[in-house]
Amino acid sequence: MGMIEKDSKFYPDKTFVETSQINSLEMYRTMYERSVNEPESFWKEVAEELVWFKKPHTILKYNFDNRNGRIFHEWFRGGYTNMSYNCLDRHMGTENENKRALVWQGEPDEDTREFTYRELLTEVCRFSNVLKKKGLKKGDRVTLYMPMVWQLPVAMLACARLGLPHSIVFGGFSSEALMHRIQESESKLLITVDESIRGGKTFDLKSNADQALLKCPSVEHVIVVKRTGHVSSWKEGRDVWLDEEINSPDIGDFCECEHMEAEDTLFILYTSGSTGKPKGQVHTTGGYMTYVYLTQKLVFDLRKESFYWCMADIGWITGHSYIVYGPLLNGTTTFMYEGTPLYPAPDRAWELIERYKITICYTAPTAIRALSRQGESWPAKRDLSSLKLLGTVGEPINPEAWMWYYENVGRRSCPIVDTWWQTETGGIMISPLPGAAPTKPGSAQFPFFGIVPRVCDPGVEDFEKQGEKMKPGETGHLCIEKPWPGLSRTIYGDHARWEQTYFYQYPGMYFTGDGCYMDAEGYHFLQGRVDDVINISGHRISTAEVESALVLHKDVAEAAAAAKPDEIKGQSIYVFVTLKLGVEPTEALKKELIDHVRKEIGAIASPDTLQFAISLPKTRSGKIMRRILRKIAENKTDDLGDVSTLEDADVIRDLIQNRS
Ligand code: WT7
């Protein structure tokens, strides 16, 4: 087997194409046309591949234009279903019942766990019964602050079974970040672990949780998963060990699932926008389920024998959709790894692929760059011949990283799907379907079924004329013209913000916040964020969040954050800080401020570079000129553009001279 390379395009080989589900450009085009011209019948048919307790009476109702009132979209109204049922019960009595659903590998080699679909169903039911015993009722929110332990997907499916919206907080976030998310969602229960294990170290998540809970009166119960067995604090009456609860004699092996209306909330997931604190994206039962089911099936071209590994953390949307829900909805075996791909040796990922005979590997460009740094000899030593398909997600992939992945991991035999999407979109939006058309390095290719992208001209002044299309090759703002089932419904508790963030820039369309161009063949090339969001290793942090964290420090007068290009992480955080009068700008203070941000938000938000400035560049009306700070962070100081509106030109001189 081998790919064919022609005119810088990469064609899947014949055997791959022959066995793939969407196996020609023509087939893709025919289905695509139908999906956008008759979205209702298209999505109704997809939904019918899953189990509904009651069929929907209306497939789609929406308004995307703020000139016509409230913005909303609703899918499968009147339909009743359950995510946990479709991931588990649906497979009982089929050939999937005794197939492996979840294979978990801990960081220490001897820690492994496997569940067939039947076993996973039982485990989830038992967990659901524990939650029920705690008195939780449909609609109550549950926060999960957990690392990559197998109990995390079990807990998610247990919440989904009972109609308890889960809000997962990535285990790398600080207690402050956790506190904010619990307070906002008013969760009644928190599920966490004693300690997490990563890179040979342990992290005391329980004490972070305890710290956060000091200011979270809504939380009545805490369920603690045992990973290391070591806890530094415990609150009697509130905290319980999962092991003790789930093994109690009154916990049964089965639990009925709630019948959820299609638009009932399945989960909330917080993500950074360009302003303020992270926003809780609300995803619903019917639409999200249908969208994730189909994207997983076709983008990864799942086969009966697929053994699929998505390297993301479940704390992010990638893990929600494509470690847990997508694979299980499709009856696929999903592999979950606790640690990092570089520990204990730089070939950990390749060794696991070899050992488990993984067929599909889905990861982020940042991981590919970090792994490629270690040299080709690491993947070369391993037998990676089980791999059939590779995927990437999270940030634009530079063609060098794409080629490295293609040659050293895929051995020139595996198509690469570069999947573009967002926390808001629920599932993959623009991506190759691997058997349908040749790929180009750096391009996410064509829209998925039902998705109508438009590259809009950002320079149009007239409001009524917004949305004019850019010509091929020209970068503009990427918008989506029509609704699709996976898009979030609202920002938890703040619908107006959801409308403003996504629907006010280009009337009638969803604004993605990304720059993009399309080439003459219709291939999309994503260019990164056009707003104040920094993408660090595929994770979103807003400049506003970093700035608010910094100004909380007693010595800081003002702060501004910008993205700095980074070879491994894609971008890193560069901050400019002005200090209060009389405070000395020392190296020790620099370190203290960086630690302060880490404490407020988490390690992923810690600035790589911090520059003290006498003042920040401002316009005469007092607005910080971010454009200039961005240029300085990018080290493009000979190209600052127009600085005529600047209040004080000396400020720029100081910023350039003292560039860190
Ligand atoms: C932002 C969304 C969705 C999963 C992980 C990130 C960037 C994502 C790609 C890609 C270029 C990409 C965009 C997007 N992004 N995938 N294949 N090519 N850029 O989810 O944290 O919501 O971030 O990630 O800028 O807006 P997220």
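**Entry 1: strand S17 and its neighbours**

I began with the bridge partner of Gln281 in S25, and found Ile491 there. The model I am reading is predicted. Between S17 and strand S25 (residues 490-491) I noted 2 bridges, with the two strands running antiparallel. I then turned to strand S16 (residues 265-271), which is joined to S17 by 6 bridges, again in the antiparallel sense. Opposite Thr284 in S17 stands Thr265.

Next I looked up how S17 is covered. Strand S17 spans residues 279-284, and 6 of its 6 residues are buried, so the strand is largely enclosed by the rest of the structure. I recorded the two directions of its residues: Lys279, Gln281 and His283 point one way, while Gly280, Val282 and Thr284 point the other way. In a regular strand, side chains alternate between the two faces of the sheet. Residues on both sides of S17 are buried.

**Entry 2: the sheet of 4 strands**

I traced an open sheet of 4 strands, in the order S23-S24-S26-S27, with antiparallel pairing. Which strands stand at its edges? They are strand S23 (453-456) and strand S27 (524-529); each has a single partner strand, so one side of each is left without a neighbour in the sheet. From one strand to the next, the twist averages 45°. I followed the pairing of S23 with strand S24 (residues 476-480), which is antiparallel and extends over 4 bridges. Within this pair, Val455 stands opposite Leu478 in S24.

**Entry 3: the sheet of 7 strands**

I then followed an open sheet of 7 strands, ordered S7-S6-S19-S18-S20-S21-S22, whose pairing is mixed. Strands of a sheet pair through backbone hydrogen bonds, either parallel or antiparallel. At the edges I found strand S7 (112-116) and strand S22 (416-419), each with a single partner strand, so each has one side without a neighbour in the sheet. Here the twist averages 15° from one strand to the next.

At the S7 edge, I noted that strand S6 (residues 100-105) is joined to S7 by 5 bridges and that the two run antiparallel. Gln105 stands opposite Thr112 in S7. Helix H5 (residues 117-133) packs on this sheet and touches S6 and S7; the direction of H5 makes about 100° with that of S7.

**Entry 4: helices H12 and H13**

I looked next at helix H12 (residues 348-356). This helix lies across S6, S7, strand S18 (307-310), strand S19 (333-337) and strand S20 (360-363), and runs at about 140° to S6. How many residues of H12 are buried? I noted 7 of the 9, so H12 is largely enclosed by the rest of the structure. The buried residues are Arg348, Ala349, Trp350, Glu351, Leu352, Ile353 and Tyr356. After H12 comes Lys357, with a positive phi near 55°.

Helix H13 (residues 365-373) is mostly covered, with 7 of its 9 residues buried. I listed these as Pro365, Thr366, Ala367, Ile368, Arg369, Ala370 and Leu371. What covers the buried residues of H13? The elements include H12, S20, strand S21 (389-393), helix H15 (399-409) and strand S31 (570-579). Just after H13, I found Gly375 with a positive phi of about 100°.

**Entry 5: the contact of H6 with H11**

Two packed helices are described by the angle between their axes and the distance between the axes. For helix H6 (residues 151-162) and helix H11 (residues 317-329), I recorded axes that come within 11 Å and cross at roughly 65°. The crossing of H6 past H11 is right-handed. On the H6 side, the residues in contact are Pro153, Met156, Leu157 and Ala160; they meet His320, Val324, Tyr325 and Leu328 in H11. By class, this contact has 7 nonpolar residues, 1 polar residue and no charged residues.

**Entry 6: the nonpolar cores**

In soluble globular proteins, nonpolar side chains tend to be buried together. I found that the largest nonpolar core in this model has 160 residues, and that those with the most contacts inside it are Leu131, Ile191, Phe300 and Tyr325. H6 gives the most to this core, with 9 residues. I looked up the contacts of Leu131 beyond four places in sequence: Leu136, Ala158, Cys159, Leu162, Leu164, Leu189, Ile191 and Ile223. Apart from this core lies another of 29 residues, among them Trp309, Leu352, Tyr406 and Cys414. Leu352 had already appeared in my list of buried residues in H12.

Definitions and conventions. Residues are numbered from 1 along each chain as its sequence is written. This is a predicted model: local features need pLDDT of at least 70, side-chain atom pairs count only at pLDDT 80 or more; totals for chains, interfaces and linings use all residues. Side-chain values use heavy atoms; hydrogens and water are left out. Axes are lines fitted to C-alpha atoms, for helices over the stretch in contact, and angles run from 0 to 180 degrees between N-to-C directions. A crossing is left-handed if the near helix is turned anticlockwise from the far one by less than a right angle, and right-handed if clockwise. Contact means heavy atoms within 4.5 Å. Ala, Val, Leu, Ile, Met, Phe, Trp, Tyr, Cys and Pro count as nonpolar, Asp, Glu, Lys and Arg as charged, and the others, Gly among them, as polar. Buried means under 20% relative accessible area, exposed over 50%, partly exposed in between (1.4 Å probe, protein chains only). Two strands pair if DSSP finds at least two bridges between them. A nonpolar core is a set of buried Ala, Val, Leu, Ile, Met, Phe, Trp, Tyr and Cys residues joined through side-chain atoms within 4.5 Å.
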